[in-house]
Amino acid sequence: MSALTCVVDRPDLASVALSGSDVLRYLHAVCSQHTLELVPGDATQALLLSPKGKIEFAFRLVVLDDGALLDTEAATAPALAERLARFVFRYDVTVGQPVAGAASVLGPGAEAALVAAGLPVPGPGRAGVAAPDLVVHRTPVGLDLVGPGAAAAVGGLERAGVEQAPAERWELARVAGGLPRAGQELTDDVLAEEAGLLGSHVHLDKGCYPGQETVARVHNLGQVQRRLAGLRFQPPANGGPLTLPASRTDLLTDDGRRAGQLRSVVDHPELGPIGLAYVRRVVDDGRLVRAGDHVATVVDLPFR
């Protein structure tokens with residue numbers, strides 16, 4: 001197995017199982033995604049929005065024979081389960097309790113690693129369903145194993161020669177890939193279009209759901225004032241020690257005007273110090289901005 005391929009435990013993720021005959025009809029009514037025509041094995045991503053269109057929860061889902069398996073940030077999974085259970089009184093839906101258990105396979109040999117371990121590789125728009133308690137999602141930076149069966153799957157990958165890497169490896173890959181994360185880039189003050197999620201998490205031709213009017217108005221009128229962008233920080237002057245600015249540091253242009261806000265920052269082994277930030281639309285790619293004492297160049301995502 002390639003030395004660049006590794007498996008990373010993901011304690012930051014948890015899954016929530018939904019069962020019953022009305023699962024897809026219920027999700028269609030409450031979330032931003034069109035779920036009515038999905039069939040077992042189909043996978044998608046969705047949002048639960050506030051009435052003003054702000055992101056409250058972001059999650060993935062895969063359709064199973066008897067319902068669906070959702071996954072989201074472990075820190076917000078209990079609140080997501082409670083929110084979903086609150087409105088099921090008119091539907092045949094049972095919302096399970098959040099269950100920890102997830103891992104990511106990263107690197108150029110990720111697909112080969114799954115095949116060697118006897119795990120399914122998902123196709124376009126589909127998840128690999130290994131069992132009711134384990135699904136495989138494709139991401140822009142690798143493959144995610146989600147569900148209570150993830151721990152056993154990690155054991156199979158290790159027996160197939162895949163080395164385990166620390167959790168920091170995932171954060172490096174996430175930021176380099178420009179993937180927004182709940183609690184960092186996806187917070188309750190952010191609109192879906194600002195985070196670049198209209199193509200992946202929002203179905204623009206779908207009917208009414210909470211927050212839909214704001215999504216449609218913003219999309220049709222083009223009123224968002226900021227966008228998710230990358231920052232390439234300049235190395236320390238004179239070879240001094242590297243320090244990184246704190247998350248939520250405000251950004252300023254070289255003439256002192258407000259430019260946005262930093263959300264995530266890492267020291268990438270190949271790309272150097274990079275970050276994800278919400279940047280005002282008037283601040284073009286290539287513009288220099290300042291985060292405290294740190295100077296960075298605004299770039300498009302993902303980093304290249």
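This is a short tour of pockets, a cavity, a helix and two strand residues, with a selection to make at each stop. Keep in mind that the model is predicted.

**Stop 1: the largest pocket**

Start by selecting Gln45, Arg60, Pro140, Leu179 and His201, the residues nearest the centre of the largest pocket. Around them is a space of about 920 Å³, and its lining runs to 42 residues. Next, colour the elements that each give two or more residues to this lining: β3 (43-49), β4 (55-64), β5 (67-73), β10, α5 (168-176), α6 (198-201) and β13 (226-233). Which of them gives the most? That is β10, with 4 residues. If you colour the lining by residue class, you should find 17 nonpolar, 11 polar and 14 charged residues.

**Stop 2: the second largest pocket**

Now move to the second largest pocket, which holds about 490 Å³ of space. Select Gly107, Arg169, Ala173, His268 and Glu270, the closest to its centre among the 17 residues that line it. Keep α5 on display, since you have already coloured that helix as a contributor to the largest pocket. Here α5 gives the most to the lining, with 4 residues. By class, the lining of this second pocket has 11 nonpolar, 4 polar and 2 charged residues.

**Stop 3: the cavity**

Rolling a probe the size of a water molecule over the atoms shows where empty space is left. How many cavities of 30 Å³ or more does the structure hold? There is 1, and its volume is about 50 Å³. To see its walls, select Gly53, Leu191, Ala192, Glu193, Leu198, Thr214, Val215 and Val218. Helix α7 (residues 212-221) supplies the largest share of this lining, 3 residues. Sorted by class, the lining has 5 nonpolar, 2 polar and 1 charged residues.

**Stop 4: helix α4**

Select helix α4 (residues 150-159) and highlight its buried residues, Ala150, Ala153, Val154, Gly155, Gly156 and Leu157. An α-helix has 3.6 residues a turn, so residues three or four places apart point the same way. What covers the buried residues of α4? The cover includes the strands β1 (6-9), β8 (102-106), β10 (134-139), β11 (142-146) and β12 (163-165), along with helix α3 (110-116). You met β10 earlier, in the lining of the largest pocket. Before leaving, look at Gly161, which follows α4 and has a positive phi, near 100°.

**Stop 5: Thr253 and Gly260**

Go to strand β14 (residues 250-253) and pick Thr253. Is Thr253 buried or exposed? Thr253 counts as buried because its relative accessibility is 7%, and the cut-off for buried is under 20%. Show its contacts with Ala259, Val283, Arg287 and Leu288, which leave aside neighbours within four places in sequence.

Then select Gly260 in strand β15 (residues 258-268). Gly260 is also buried, with a relative accessible area of 14%. Not counting residues up to four places away in sequence, Gly260 touches Asp250, Leu251, Tyr278, Val279 and Arg280. Among these, Asp250 and Leu251 fall within the residue range of β14.

For a last view, keep Gly260 selected and add Thr94. The two are 166 residues apart in sequence, and their C-alpha atoms lie 42 Å apart in space.

Conventions: Residues are numbered from 1 along each chain as its sequence is written. This is a predicted model: local features need pLDDT of at least 70, side-chain atom pairs count only at pLDDT 80 or more; totals for chains, interfaces and linings use all residues. Side-chain values use heavy atoms; hydrogens and water are left out. Buried means under 20% relative accessible area, exposed over 50%, partly exposed in between (1.4 Å probe, protein chains only). Contact means heavy atoms within 4.5 Å. On a 1 Å grid over the protein atoms alone, a cavity is a set of points where a 1.4 Å probe fits but cannot get out, and a pocket is an open set with protein on both sides within 12 Å along at least five of seven lines; lining residues have an atom within 4 Å of a point. Grid points are joined across faces, edges and corners, and a volume is the space filled by probe spheres set on the points. Ala, Val, Leu, Ile, Met, Phe, Trp, Tyr, Cys and Pro count as nonpolar, Asp, Glu, Lys and Arg as charged, and the others, Gly among them, as polar.
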